[in-house]
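Good morning, and thank you for coming. I shall go through the charged pairs, the nonpolar cores and the surface of the model now being shown.

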Amino acid sequence: MRPLWQIPRDCLFWLLVSVFVSIGLHLEHLPPWVALSGIVAALWQIQLYRERWHQPGRLLKWSLAGACGAGLLLHYGRMTGLEPMVALLFTGYILKLLEIHHRRDALVLLYLSYLIIILQSLFSSTIVASVLVLVALLPVTAALVAMHGATDNSRPTTALRTGLAMILQAIPLMLVMFIVMPRIGSLWAVPQPNSATTGVSDSMSPGDMTQLGRNGAIAFRVEFDGPIPEQNKLYWRGLVFSSFDGRRWQQQAPQSYRDGRFLQWSNQALEAWDKDIIRRGQPLSYRVTLEATNSHWLFALSTPLSPSSSVALSRDFRLVNNEPVVSKLLYPVRSWLDNQLQAESLPGWRHQIELALPAGYNPKTRAIAKQWRAETPDTAAFINRLLGLYNQEFIYTLRPPALGRHTVDEFLWGTKKGFCEFYASSFVFFMRAAGIPARVVVGYQGGERHPSENYLIVRQYDAHAWAEVWIEGRGWLRVDPTAAVAPERIELSFADLFAEQDEFLSESPFSLEHLRHINWLNNLRLKLDSLDYAWAKWVLGYDNIQNDLLLDLLGAIKPQRIALLLLFAGGIALLPVFIMLYLSREKNTRDELDRLFLQYCARLDNIGLPREPGEGPRDFAQRIGQQAPSLTAQVDALTQLYESARYSEVQGDDLKRFKAALKAFKPSRKAFLHGA
Amino acid sequence: MSKESQQITEAIVERVESVLVGKQHSVRLALACLYAGGHLLIEDLPGMGKTTLAQALAAAIGLSYTRVQFTSDLLPADIIGVSVYDRNKASFEFHPGPIFNQLVLADEINRTTPKTQSALLEAMAEGQVSVEGETRPLPQPFYVIATQNPLSQSGTFPLPESQLDRFLMRLRLGYPDPEAERQLLSGADPRSKLATLSRGVTPLQLAAIQGAVSRVKVSESLVDYLQRLLQFTRSSADIDYGISPRGGMAVLKSARAWALMDGRDYVIPEDIQAVFSPVCAHRLPVSGGEHRAENLIQQTLNSVDII
């Protein structure tokens, strides 16, 4: 079957380039066979264009569609979620390439290309990804230009140039829309990619883990209003684990907190438990730009408050976002480092929660804890005794031996080697066994100070676990048993400490972090990071400042004012285009007589009697005489004057008379209609 | 002068129309061609009134008229004339051929050999013939109406583009409209009126009109319009080679004659538009379809604005 419609040559070229670019953008999260079949389909389309191959038959097309659907099901095992849906769209896009019968088919493909390219920003929104998306729009736009025959078919570069010009002209408008357009909250849940690597997860089981995640990816960045506090004060609390089942530490279910709600939103009345928090002195003010975690929890120094309405404070004094953090999130925080938490008393049921230990695990630790408690009744002394034990006999290592059923027993009295999670877990177990309420806190510790910019970079390998114990009259106190074993872990940054070890960054083989010791490369790395941070702060985090900006600009945010601002700013953005058009317009060389004649034509055009381009004044007058007889006399007189002024070249006052006659010439639509 | 030429034109047209019914526009164009001093090519099927037009024009203008049927064995001497030995005078005497007439109808010019064609065309261009070293001027006015049959091209020698250029205009008479045809069928043979047709113009008047054509005014903006028309044919994607400057001059000359016939001493765009197609269509080397050139010309006229 021959195609019903032949796609223009340059359009096909750019269409195929668009397909390849789309495949390239999504290569990372597409099944390889989908990308491969895209290339095959493109080759098929080329052969179709050359009339070497035939269109696929109906049966083949249906079976290909079926095979793709089945392949996707096999590959993902489900059809929900972002990645399978994008892959499904992609297979449809690729199969559509095999049936370009009409112009509309090619148009559908091009519009789909735009959609698919934009979908890339759901997976990554770094500065590099955004620039790539912008560049990827170019071939699609060029194909669209070629499709509409704006150029002759021969050279694809012509279409590219036009496309480039169009995109460049659109950029000012893009910026205006970005700055002014109010953000509408997502109307539906945006499906999210499933692959996010974080150093912190919602549970912790030290016995199972023999290698700490050594991932150099950025967890979040923090910009302080004042100086950055010392390294050993930077305990970024993320999650609190109060529940232990013998192997695994987990969060306590929120409903087990019986008095009052678990979350305190900033725009709601204060919960009763808010009085448990005593904040002293000046708060530390800072803004965190968190990378996507796909989880609700946020990181902050104790004890935090966030003015953001989408961030809540939880019962265990950490910050929680109202929806999973699926893309970079900027949130402002104020933290009172000098605080007292729940100093008054802990109700009985809370005691139960914070002391609960699973039966049948770690008998030796339980016995020794009871024995020590009897020997050292003072809580502070008791804690110090255990920390002393850590300090003397334990070794901090990133490669601890595996533990069996009684993880705490084996660690405390056997292997004595481990990293933060081992110490936090055993410490809390020991405290609970001795009747002291305690819990595990996980989050990040420390961070890398950017040498020139005033912000802190916290990476996944800064993930840390520590403990909090509750002491009557003093409330919840942070105790970091790791600091007792390896104080340098807390004083220095993790990277400074472990850069020499092989395990360091074993999960990020291509990270620039490997080359920290090469000075200029290290500088480059930090420069890139500050660029990326600026992008995150000003572009991705623009939502957070837009409101204030618009308020400053408009006084009040009302639809009318926003529309006016949009029009105004859009007008300014388009001003260069107008100026260019004005400068490049055809010079008006018409003399007065022709201008008057054009006025005369325009007046007749207004009542529905346009002059055809090649129609001479006399023919025009004759036609008007037929269509609107009531105008005949005036029109004939005007035509006579124009002709004699224009063509007879007799020096007379015809021009003046034409002008005068034109002044009196006011044809109305009525005259035309009644005449007709 | 302009009013007078209008009256004379009307008189001639009226006389011709009494014989050749319903072809006023073609008659006017043929007359404009004569006023402008050019020659006319009529391309049409047999029986459309080509000969009648030529005869009626000759009679209405009062020109000496002859008709030459061009055949493949026609020789240049058959047209131009030949020197014959006169025994009484004991010398060669030139016997002028049919071309020594004021109006020559060259019927089916494409049937004869290129040699004969070029003899005729040369005479048309020069206004004189050279026989045996002697140059003999042709009578004034000298007006050739050539016809050719667009069909049955076998055994013909189509005129090359360079020779088509010698004709100021090419006309197609076409079928008469129904009204005219009914009149034609019901009445007596109009040709019978030819013998009684009186002339509507004196030779002096005709010479005056021909002289007046070059004095018709052409304004700057009109020249500009014509130039844009020519430029359009050169830049159009559909036309391989646009109209030559000589073609442009031919348009202007014809438009002047047309304006004069309308009683004006200046040219207006409508004059150009009236003569553009007959003057230019045969100068456009386009292939594909009999009326393609005319269509392209019409397209040009529709596209180019007059101001």
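B:Arg283 and B:Asp165 are both buried. I should say at once that this is a predicted model, so that the distances that follow are read as computed values. The two side chains form a salt bridge, and their closest N and O atoms are 2.6 Å apart. B:Arg283 sits in the loop between α11 (269–280) and α12 (292–303) of chain B, while B:Asp165 sits in the loop between α6 (161–164) and β9 (169–171), so the salt bridge ties together parts that lie 118 residues apart in sequence.

Chain A has a network built from such pairs. Through shared partners, salt bridges join A:Arg237, A:Arg350, A:Glu354, A:Arg432, A:Arg439 and A:Glu468. Over all chains, the structure holds 40 salt bridges. As a general matter, side chains of opposite charge can pair when their charged atoms come close.

Let me take two further pairs from chain A. A:Asp594 and A:Arg646 form a salt bridge, with 3.1 Å between the closest N and O atoms. This pair links distant parts of the chain, since A:Asp594 belongs to helix α19 (residues 592–606) and A:Arg646 to helix α21 (residues 632–648), 52 residues apart. Both A:Asp594 and A:Arg646 are buried.

The other pair is A:Asp276 with A:Lys275, whose side chains meet in a salt bridge at 3.9 Å, N to O. Are these two partners buried or exposed? A:Asp276 is buried, because its relative accessible area of 16% falls under the 20% limit. A:Lys275 is exposed, because its value of 67% is over 50%.

I turn now to the nonpolar interior. The largest nonpolar core has 95 residues, and those touching the most other members are A:Tyr600, A:Phe658, B:Tyr35, B:Leu57, B:Ile272 and B:Phe276. Helix α10 of chain B, residues 245–261, supplies the largest share of this core, with 9 residues. Another core lies apart from it, made of 81 residues, among them A:Trp297, A:Phe394, A:Tyr396 and A:Leu398. In soluble globular proteins, nonpolar side chains tend to be buried together.

What surrounds A:Phe658? Neighbours within four places in sequence aside, A:Phe658 is in contact with A:Leu593, A:Leu596, A:Phe597, A:Tyr600, A:Leu638, A:Leu641 and A:Tyr642.

There is also nonpolar material on the outside. A:Leu575, A:Phe578, A:Ile579, A:Leu581, A:Tyr582 and A:Leu583 make up a nonpolar surface patch, with about 660 Å² of accessible area together. One of these residues, A:Ile579, is located in helix α18 of chain A, residues 559–583. A:Ile579 counts as partly exposed, because its relative accessible area of 45% lies between the limits of 20% and 50%.

A brief word on the cysteines. How many disulfides does a search of the whole structure find? The search finds 0 over all chains. As for individual cysteines, A:Cys68 is buried at a relative accessible area of 11%, and B:Cys33 is buried at 0%.

I close with chain B as a whole. Chain B contains 12 helices and 9 strands. Of its 307 residues, 52% are buried. Taking contacts in chain B between residues at least 6 apart in sequence, 77% join residues at least 24 apart. Chain B exposes about 13,700 Å², of which carbon and sulfur atoms supply 51%.

Notes: Residues are numbered from 1 along each chain as its sequence is written. Chains are lettered from A and ligands numbered from 1 in the order in which they are written. This is a predicted model: local features need pLDDT of at least 70, side-chain atom pairs count only at pLDDT 80 or more; totals for chains, interfaces and linings use all residues. Side-chain values use heavy atoms; hydrogens and water are left out. Patches are made of residues with over 30% relative accessible area and no salt bridge: like charges are joined within 9 Å, nonpolar side chains (Val, Leu, Ile, Met, Phe, Trp, Tyr) within 5 Å. Accessible areas come from the Shrake-Rupley method with a 1.4 Å probe; for residues, only the protein chains shown count as cover. A salt bridge is a side-chain nitrogen of Lys or Arg within 4 Å of a carboxyl oxygen of Asp or Glu. Helices (H or I, at least four residues) and strands (E, at least two) are DSSP runs, numbered from the N terminus. Buried means under 20% relative accessible area, exposed over 50%, partly exposed in between (1.4 Å probe, protein chains only). A nonpolar core is a set of buried Ala, Val, Leu, Ile, Met, Phe, Trp, Tyr and Cys residues joined through side-chain atoms within 4.5 Å. Contact means heavy atoms within 4.5 Å. A disulfide is a pair of cysteine sulfur atoms within 2.5 Å.
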